[in-house]
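Dear colleague,

I am passing a structure on to you, and since you have not worked with it before, I have written down what I found in it. Please look at it first and then read the notes underneath.

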Amino acid sequence: MTFAPDNSRLRIKDPGGRLLAERPTAVVTAHGVTVAFGDDGGELLWVADTGSGPRPDGHGGYFPWYAPGHGRVLALRLDGSVARELGLPPLPVYERQRFEPTAVLPLPAFDQIWVADGYGAGLVHRYTTSGDYLGTAPASNDAAFRCPHAMAKFADKVLIADRENNRLVIVDPERFVRTLADGLRRPSCLALHRDAVVVGELSGSVALLDFDGRVMRRFGADETTTVRPSWPNALDRDGLTIAPPPSVEGGFNSPHAVAVDHAGQIHVVEWLIGGRHLRFDPYDALPPALL
């Protein structure tokens, strides 16, 4: 499951990247997408809709754009229709600041749904599965997070990618447990792969960590990537913003979402004009395949 480059059309693909279906949705800017199941047993996609993004400025560049009001948290059916929506967190901070959620994580074992407001107030919110607001998650107090960007279930706890603090933290509904890993490269997305945590790092790399937080392998790290003019994009000879060409050496540019398929292949979506979908096997010497 992914979205088209316009961030509003749902795309269903097979693991080889072949498009199986495309559906229009009410989403403005799809960000974090999590598969779950509704009360009827049917698949749902929980989507964090930031309601923001870059728009062409008409002169070969881009400017930041914001939809009116706040971002949204929606559960979509596979036909693209809206099954549910969570309300705006009832906190004073959102009287002066936009709510721009970056990730949503259903946690049936806790009877909760967690929402990370990475681009807004930097808080992680908790709702009941019926949609009642419960408050912020532990470690959200005193702006402890700086862009909580992604979340994943980690045993009976929650793993949070605290992007601008360059760390992964473990939290449960009652307390901050511990920092799993520190000193990462702007961790932006998470997935579990066998006995490893896959971390997409916005600064141009994908890391495999063991469950104790140690980096076992890192793919595509290039210290020059993020200092390129107009990164995550590039500039042509006329100074116009264009998508950078894929690396011929297997490097990454700007990982922004990761997933693992049934065969153990890691799928990486990169943040750049038009997006980019790559797939690789972390235990294979072959470079990532562009899908």
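The notes below go from the whole chain to its core and then to a few single residues.

Please keep in mind throughout that this is a predicted model. The chain has 27 strands and zero helices, and its C-alpha atoms fill a box of roughly 50 × 45 × 40 Å along the principal axes. A compact globule with 291 residues would have a radius of gyration near 19 Å, and the chain, with 18 Å, agrees with that. Of the 291 residues, 49% count as buried, and among the contacts with a separation of 6 or more, 42% are made by residues 24 or more positions apart. The accessible surface comes to about 13600 Å², and 52% of this surface belongs to carbon and sulfur atoms. As for charge, there are 29 positive and 35 negative side chains, and the centres of these two sets lie 2 Å apart.

In soluble globular proteins, nonpolar side chains tend to be buried together. The largest nonpolar core in this model has 15 residues, and those with the most contacts inside it are Leu159, Leu168, Leu190, Val197 and Leu209. The elements that give two or more residues to this core are β14 (148-154), β15 (157-162), β16 (167-171), β17 (176-181), β19 (196-201) and β20 (205-209), and the largest share, three residues, comes from β14. Leu190 is a good place to start looking at the core: leaving out residues up to four places away in sequence, Leu190 touches a list of residues that includes Ala150, Met151, Leu159, Leu168, Val197 and Val258.

Two residues in loops can be read together. Ser203 sits in the loop between β19 and β20, and with a relative accessible area of 12% it is buried. Apart from its neighbours within four places in sequence, Ser203 is in contact with Arg185, Arg186 and Thr226. Arg186, in turn, lies in the loop between β17 and β18 (187-193) and is partly exposed, with a relative accessible area of 23%.

The backbone has some details that deserve a careful look, given that most residues other than glycine have a negative phi, and most peptide bonds are trans. Arg186 is not a glycine, yet it has a positive phi of about 55°. Asp111 also has a positive phi, near 60°; this residue is found in the loop between β10 (103-107) and β11 (112-117) and is partly exposed, with a relative accessible area of 44%. The peptide bond from Trp231 to Pro232 is cis, with omega near 15°, and Pro232 belongs to the loop between β21 (215-219) and β22 (234-235).

Lastly, there is Leu88, in the loop between β9 (82-86) and β10. Is this leucine buried or partly exposed? With a relative accessible area of 40%, Leu88 counts as partly exposed, because only residues under 20% are called buried and those over 50% exposed. Leu88 touches His70, Tyr94, Phe99 and Tyr127, again not counting residues up to four places away in sequence. Of these, Phe99 is 11 residues from Leu88 in sequence, and their C-alpha atoms are 7.5 Å apart in space.

With kind regards

Conventions. Residues are numbered from 1 along each chain as its sequence is written. This is a predicted model: local features need pLDDT of at least 70, side-chain atom pairs count only at pLDDT 80 or more; totals for chains, interfaces and linings use all residues. Side-chain values use heavy atoms; hydrogens and water are left out. A nonpolar core is a set of buried Ala, Val, Leu, Ile, Met, Phe, Trp, Tyr and Cys residues joined through side-chain atoms within 4.5 Å. Buried means under 20% relative accessible area, exposed over 50%, partly exposed in between (1.4 Å probe, protein chains only). Helices (H or I, at least four residues) and strands (E, at least two) are DSSP runs, numbered from the N terminus. Contact means heavy atoms within 4.5 Å. The radius of gyration is taken over C-alpha atoms; the globule rule is 2.2 Å times the number of residues to the power 0.38. Accessible areas come from the Shrake-Rupley method with a 1.4 Å probe; for residues, only the protein chains shown count as cover. Lys and Arg count as positive and Asp and Glu as negative; His and the chain ends are not counted. The place of a charge is taken as NZ of Lys, CZ of Arg, CG of Asp or CD of Glu.
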